[in-house]
Amino acid sequence: MKLVFLGPPGAGKGTIAVKAKDVYSIPHISTGDLFRENIRKETELGKKVKAILASGDLVPDEVTIAMVDNRLKEDDASAGFILDGFPRTIAQADALMEMTALDRVVNFVLDKEEIVKRLSGRRVCKSTGRTYHIIYNPPKVEGIDDETGEPLIQRDDDKEEAIRNRLEVYEASTAPLIDYYRQKGLLVDIDASKSPDEVLSSMVEALR
Ligand code: AP5
């Protein structure tokens, strides 16, 4: 199964992808996670994109497309994948069509008020990327990762100004992909306002 997860920041793409990858036995490929890993390891790519991610702007298409093209050539992606956070522009979507054919594009639908609540309450474990929410999905001990015991942090781009910018960037550059994929008959809309397990099962049902 070759899937793209589309939707505004904070809609729950990453949360559902972590569960869906086990349902379909395919890798979860998140461009945001790949960039953050490069930043953590202080690679050349990481140095180049650090300030861009903190502000909520998009990394230039050519950099992102090359990174995804390389990742999709790895063995584990040959039978399928969940692409989370890519494509985010029409140019990226056109490039992806050249790389491979998709089965479906899942569009996670959530209103703006709920998006802001989810993003401002998100906390992450820096070393593993595991995601929590202070109200909806709290860790067992406040501020501490359940498995590693490390302190949880707030992503730089989950601060108020960056959230506002990410929403504007989403509307301007990424929302047009909804029509792009609808016209190709690939789009499946999923109500992302329910609990993660409910969102997952409605998606699995819709993809059946
Ligand atoms: P990326 O990491 O992809 O950020 P994003 O798209 O903004 O997505 P998020 O990770 O913020 O949200 P999500 O939908 O995965 O929500 P989550 O599951 O965490 O990208 C970061 C940056 O990298 C970009 O801004 C850009 O700079 C760069 N970048 C990445 N891809 C790029 C590309 N293709 N081109 C150019 N630049 C690119 O959930 C959010 C919160 O809600 C969590 O706290 C979670 O616990 C909670 N939650 C989730 N689901 C539910 C639910 N059903 N009920 C209650 N709470 C829930």
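**Contacts, rings and ligand**

Reader: Which residues does D158 touch, not counting residues up to four places away in sequence?
Author: The model is predicted, so local features need pLDDT of at least 70 and side-chain atom pairs count only at pLDDT 80 or more, whereas totals for chains, interfaces and linings use all residues. Residues are numbered from 1 along each chain as its sequence is written, and side-chain values use heavy atoms, with hydrogens and water left out. Contact means heavy atoms within 4.5 Å. Under that rule, and with residues up to four places away in sequence not counted, D158 touches L119, S120, R122, I163 and R166.

Reader: Is D158 buried or exposed?
Author: D158 lies in the loop between β7 (152-153) and α7; helices (H or I, at least four residues) and strands (E, at least two) are DSSP runs numbered from the N terminus. Buried means under 20% relative accessible area, exposed over 50%, and partly exposed in between, with a 1.4 Å probe and protein chains only. D158 has a relative accessible area of 2%, and therefore counts as buried.

Reader: What is the length of the polar contact that joins the side chains of D158 and R166?
Author: A polar contact is a pair of N or O atoms within 3.5 Å; within protein, one must be able to donate a hydrogen and the other to accept it, and residues adjacent in sequence count only if both atoms are side-chain atoms. The side chains of D158 and R166 are joined by such a contact, of 2.9 Å.

Reader: What arc do the buried residues of α6 cover around the axis?
Author: The buried residues of helix α6 (residues 112-120) are E114, I115, R118 and L119. They are on the same side of α6 because of the narrow range of their directions, the arc being that of the directions from the helix axis to the C-beta atoms. An α-helix has 3.6 residues a turn, so residues three or four places apart point the same way. Around the axis of α6, the buried residues cover an arc of only 130°.

Reader: Which elements are included in what covers the buried residues of α6?
Author: The residues to be covered are E114, I115, R118 and L119. Their cover includes β5 (122-125), β6 (131-133) and α7 (160-174).

Reader: How many residues apart are F5 and F108?
Author: Rings of Phe, Tyr and Trp (its six-membered ring) pair if their centres lie within 6.5 Å; planes under 30 degrees apart count as stacked, over 60 as edge-to-face and the rest as tilted. By this rule there are two aromatic pairs, and that of F5 and F108 is edge-to-face, at 4.9 Å centre to centre and 70° between the planes. The pair links distant parts of the chain, with F5 in strand β1 (residues 2-6) and F108 in strand β4 (residues 104-109), 103 residues apart.

Reader: How far from the centre of the ring of Y180 is the charged end of K184?
Author: A charge sits over a ring if NZ of Lys or CZ of Arg is within 6 Å of the ring centre and within 35 degrees of the ring normal. The charged end of K184 sits over the ring of Y180, and its distance from the centre is 4.6 Å.

Reader: Which residues come nearest to the ligand?
Author: A residue is near a molecule or strand if one of its heavy atoms lies within 4 Å of it. Of the 35 residues around the ligand, those that come nearest are T15, D57, R88, R122 and R166.
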